Amino acid sequence: MSPRTTDDHCYVGIDLGGTNVKVGIVNDAGRPLANLKRPTHSERGAEAGVANILRCVEDAVRQSGVKADAVRGIGVATPGTMDIPSGMMLRPHNLPGWNDVPIRDLIADHFGKPAFLQNDANAAAYGEYWVGAGRDSKSMVMWTLGTGIGCGIIIHDMIIEGEHSTGSECGHVVIEMDNGRYCDTGQYGTLEAYTGAKYFVQRALEALAAGRESSLREVIEAGDELTPLVISQAADAGDQLADDLIMDSARYMGIGTTTVMHTIDPDCVLLGGAMTFGRNETPLGRRFIERIREEVRRRAFPVPAAKTLIDYAQLGEEAGYIGAAGWARRKCGEGGACG
């Protein structure tokens, strides 16, 4: 049961990434009162990184104008791997060297407030579930499309964490059993190995090497970097290879979405992250998600295929810190965990 909404409580949400840390002060209704984004400077190591996070929180609280005693709890969203019950970051893939960091307790002890650790994709999903595109649902799945393929699953106000803090890692479901593409996790044939940004670009390079005609070849010959954005722009300009790559990614996402639908049977499936091609605001974004829906209709059981909403998320890059704050709020509602 979610806690009663009041005007007197607020929560800190921290969304730690390999490039940036985002911090927000969020009120009891899910409205950000202040937020900021600063470089993580992960290369400086965990100790300096945690000190940077503490300064960000202090600055955000000052910026919000709320009194310290109005902050009931702090949500901390970090990339995996992690041990959620013990509040430990273990060996996060995009924060090399940040091994075995007791980040939850370091933050809680500094501020004298209860803190709660959560996986970053789960936190983003919870933000959408709380006040975003999933706010009218009882259960939802959210894909985060970017460098990797993150996933969060919420069922009746609970995040699916799993017994080993690796629940909801559906970006690593296997969609190709034979001769599957290699993923940096050491697996083959995973959804991420086909649709993550790095592998999306790899597929483009392989197609060019195989002789496909494309304006993307001019990008390579000019010595410029081939990126998902460049491929997206080429597709917008009518490049057939670029369009094929994006629609193939949508097909793969449809396969992964069907698998999760048959496991969870959610009310809705949302897509967020950087690789959503303009979302509903662009023709390409609309075709991308419609291709996902088409694949789901083709593969899923008829009832969930007809009834499950598949759409884009709404909160953008604010989802992580809003969700982290929302999870702190949720945990504070459990038996007076926040006093």
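**Exercise 1. Is Thr 276 buried or exposed?** Place Thr 276 in the fold and describe its surroundings.

*Solution.* The model is a predicted one.

Step 1. Take the accessibility. Thr 276 has a relative accessibility of 3%. Buried means under 20%, so Thr 276 counts as buried.

Step 2. Find the place in the chain. Thr 276 sits in the loop between β11 and α9 (283-299).

Step 3. Look at the side chain. From there, a contact at 3.0 Å leads to the backbone oxygen of Gly 273.

Step 4. List the contacts, leaving aside neighbours within four places in sequence. Thr 276 is then in contact with Leu 271, Gly 285 and Tyr 312.

**Exercise 2. How many disulfides does the structure hold?** Examine Cys 56 and Cys 151.

*Solution.* Step 1. The count is zero disulfides.

Step 2. Start with Cys 56. The closest cysteine sulfur belongs to Cys 10 and is 17 Å from that of Cys 56, which is too far for a bond.

Step 3. Turn to Cys 151. The nearest cysteine sulfur, in Cys 170, is 3.9 Å away, and Cys 151 is in no disulfide. The cut-off needed here is 2.5 Å between the two sulfur atoms.

Step 4. Add the accessibility. Cys 56 counts as buried at 0% relative accessibility. Cys 151 is buried as well, with a relative accessible area of 2%.

**Exercise 3. Which residues of α9 are buried?** Describe the helix and what lies against it.

*Solution.* Step 1. Check the length. α9 has 17 residues and reaches 24 Å from its first C-alpha to its last, close to the 24 Å expected at 1.5 Å a residue.

Step 2. Name the buried residues. They are Leu 284, Gly 285, Phe 288, Ile 289, Arg 291, Ile 292, Glu 295 and Val 296.

Step 3. Look down the axis. The buried residues of α9 fall within an arc of 145 degrees, so they line one face of the helix. Pro 283 and Arg 298, on the other side of α9, are exposed.

Step 4. Find the cover. The buried residues of α9 are covered by elements including β8 (139-145), α7 (228-236), α8, β11, α10 (302-307) and β12 (309-312).

**Exercise 4.** Treat helix α2 (residues 103-111) in the manner of α9, and look at what follows it.

*Solution.* Step 1. The buried residues of α2 are Ile 103, Arg 104, Ile 107 and Ala 108.

Step 2. Around the axis they cover an arc of only 125 degrees, which puts them on the same side of α2.

Step 3. Among the elements covering them are β1 (10-16), α1 (46-64), β4 (71-78), β6 (88-89) and β7 (115-119).

Step 4. Gly 112, just after α2, takes a positive phi of about 65 degrees.

**Exercise 5. Which residues have the most contacts inside the largest nonpolar core?** Then follow one helix that contributes to this core.

*Solution.* Step 1. Recall a general rule: in soluble globular proteins, nonpolar side chains tend to be buried together.

Step 2. The largest nonpolar core has 50 residues, and those with the most contacts inside it are Trp 143, Leu 216, Ile 231, Leu 271 and Phe 288. Its largest share, 11 residues, comes from α8.

Step 3. A second core is separate and has 33 residues, among them Leu 36, Leu 54, Val 61 and Val 101.

Step 4. Consider Ser 249, which lies in helix α8. With a relative accessible area of 2%, Ser 249 is buried. Not counting residues up to four places away in sequence, Ser 249 touches Tyr 194, Thr 195, Phe 200, Arg 203 and Phe 288.

**Exercise 6.** Inspect the backbone at Thr 81, Asn 179 and Asp 265.

*Solution.* Step 1. Gly 80 and Thr 81 are joined by a cis peptide bond, with omega about 10 degrees. Thr 81 belongs to the loop between β4 and β5 (82-83).

Step 2. Asn 179 is a residue other than glycine with a positive phi, near 55 degrees. It is in the loop between β10 (158-159) and α4 (192-195). At 78% relative accessibility, Asn 179 counts as exposed.

Step 3. Asp 265 also has a positive phi, near 55 degrees. Its place is the loop between α8 (240-264) and β11 (268-272). Asp 265 is exposed, with a relative accessible area of 52%.

How values were computed:
Residues are numbered from 1 along each chain as its sequence is written. This is a predicted model: local features need pLDDT of at least 70, side-chain atom pairs count only at pLDDT 80 or more; totals for chains, interfaces and linings use all residues. Side-chain values use heavy atoms; hydrogens and water are left out. Buried means under 20% relative accessible area, exposed over 50%, partly exposed in between (1.4 Å probe, protein chains only). Helices (H or I, at least four residues) and strands (E, at least two) are DSSP runs, numbered from the N terminus. The arc is that of the directions from the helix axis to the C-beta atoms. Contact means heavy atoms within 4.5 Å. A polar contact is a pair of N or O atoms within 3.5 Å; within protein, one must be able to donate a hydrogen and the other to accept it, and residues adjacent in sequence count only if both atoms are side-chain atoms. A nonpolar core is a set of buried Ala, Val, Leu, Ile, Met, Phe, Trp, Tyr and Cys residues joined through side-chain atoms within 4.5 Å. The expected span of a helix is 1.5 Å times one less than its number of residues.
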